[in-house]
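Here is a walk through one chain, from its helices and cores to its open spaces and a few single residues. Keep the model open beside the text and turn it as you read.

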Amino acid sequence: MRIVILAAGIGSRLGNTLPKPLTPLKSGRTILQQQVDNLSACFDPDNILIVVGFKKDLIMETFPDLTFIYNQSFDQTNTSKSLLKALRRSHRDSVLWLNGDVVFDPELLTLLLPLIEAGQSFVCVNAAAVGEEEVTYTLDEAGFIRRLSKRLSDGIGEAVGINFVGRKDIDALIARLEECADGDYFERGIELAIERDGCRFLPVDVSRYRCMEIDFQEDLENANRLFQGA
């Protein structure tokens, strides 16, 4: 299995001059350092790939022992194309991927291990929250994800930015990400793979763990309170 961190974006909404993953937390670590530490405690760090773009040298110099993929069109494309670059490099292995602005409890990963070992594609969700700016989802009759978008009026929860695609679904996801417009989020590729290829992505409720994406200054303040001392 490969692990991908999407860290190419500018992150202008947070108002930083640094790449958003290098935003310092009050714990003394950056967002990205917390992610790498959590992942390395559970998986082989040699399997971590970081997709970089905006001020890539700052990230690469901070994590010299990791592997990087450069999205040279970071200022013209969205996460669908960053993920596509990473999946093409995965050699058809299964891939656990996360947005570069997610802070989370390391214990959350233990919940995911049985699904990863079974090759079951999934999207981590918070079933107890539906934010206005967040990616929400709906389910089909069997309890798998049907829709996944920021534009749903009937979303029943929100995606938290941690996802997995098994080997059986990865070719379909690559093909659908190729079809996505440059400005699409990767969730559009998942939707297309579900709709056209019959891929089944399970919603995994992680609401009992601390987990959130940092988009705005208010999010950063909330994360620092939530993870105080972590």
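**What covers helix α1**

The buried residues of α1 are covered by a set of elements that includes β1, β2, α2, β4 (95-99), β5 (102-104) and α4 (108-118). One thing to keep in mind as you look around: this is a predicted model. Helix α1 itself runs over residues 31-40, and it is mostly covered, with seven of its 10 residues buried. If you want to pick them out, they are Ile31, Leu32, Gln34, Gln35, Val36, Asn38 and Leu39.

Now swing over to helix α5, which spans residues 167-179. Its buried residues are Asp169, Ile170, Ala172, Leu173, Ile174, Arg176 and Leu177. And what do the buried residues of α5 pack against? Their partners are α3, β4, β9 and α6.

Leu173 leads us on to the nonpolar cores, by way of Ile190. Setting aside neighbours within four places in sequence, Ile190 is in contact with Leu173, and also with Trp97, Val123, Leu148 and Phe201. The largest nonpolar core has 35 residues, and Ile190 is one of the three that touch the most other members, along with Leu87 and Trp97. There is also a second, separate core of 33 residues, and Ile5, Phe63, Phe164 and Val204 are among them.

Phe164 comes up again if you go to the start of the chain. Met1 sits in the segment before β1. Not counting residues up to four places away in sequence, Met1 touches Phe164 as well as Phe43, Asn47, Asp93, Ser94, Val95, Leu96 and Ile116. Is Met1 buried, partly exposed or exposed? Its relative accessible area is 26%, so Met1 counts as partly exposed. For a sense of scale, try the C-alpha atoms of Met1 and Val130: the two residues are 129 apart along the chain, and those atoms are separated by 31 Å.

Time to look at the open spaces. The largest pocket holds about 680 Å³ of space. Its lining takes in 31 residues, and those nearest the centre are Gly9, Lys20, Asn78, Thr79 and Tyr185. Which elements each supply at least two residues of that lining? They are β1 (2-7), α3 (79-88), β9 (158-165) and α6 (186-197). Of the elements, β9 gives the most, with three residues. As for chemistry, the lining of the largest pocket is a mix: 11 nonpolar residues, 11 polar and nine charged.

Strand β9 shows up at the second largest pocket too, where β9, β11 (211-213) and α7 (217-226) each supply at least two lining residues. This pocket has about 260 Å³ of space. Of the 14 residues that line it, Asn126, Glu158, Cys211, Met212 and Glu213 lie nearest the centre. Here the lining divides into seven nonpolar, two polar and five charged residues.

How many cavities of 30 Å³ or more are there? The count is one, and about 40 Å³ of space lies in it. The residues that line this cavity are Leu25, Lys26, Ser27, Ala223, Asn224, Phe227 and Gln228. By class, that makes three nonpolar, three polar and one charged.

Let's finish with two loop residues. Thr77 is placed in the loop between β3 (67-70) and α3. With a relative accessibility of 17%, Thr77 falls under the 20% cut-off and therefore counts as buried. Its side chain makes a polar contact of 3.1 Å with the side chain of Asn71, and the side chain of Thr77 also reaches the backbone oxygen of Ser73 at 2.8 Å. Leaving out neighbours within four places in sequence, the residues in contact with Thr77 are Asn71 and Asp182.

The other loop residue is Lys55, found between β2 (48-52) and α2 (56-62). Check its backbone: Lys55 is not a glycine, yet its phi is positive, at about 45 degrees. Lys55 has 39% relative accessibility, so it counts as partly exposed.

Note on methods:
Residues numbered from 1 in each chain as written. Predicted model: local features only at pLDDT ≥ 70, side-chain atom pairs only at ≥ 80, totals over all residues. Heavy atoms only, no water. 1 Å grid on protein atoms, 1.4 Å probe; cavity = no way out; pocket = protein on both sides within 12 Å on 5 of 7 lines; lining within 4 Å. Points joined across faces, edges and corners; volume = space filled by probe spheres on them. Helix = DSSP H or I, 4+ residues; strand = E, 2+ residues; numbered from the N terminus. Nonpolar A, V, L, I, M, F, W, Y, C, P; charged D, E, K, R; others polar. Core = buried A, V, L, I, M, F, W, Y, C linked by side-chain atoms within 4.5 Å. Buried < 20%, exposed > 50% of the residue type's maximum accessible area, 1.4 Å probe, protein only. Contact = heavy atoms within 4.5 Å. Polar contact = N/O pair within 3.5 Å; in protein donor to acceptor, adjacent residues only side chain to side chain.
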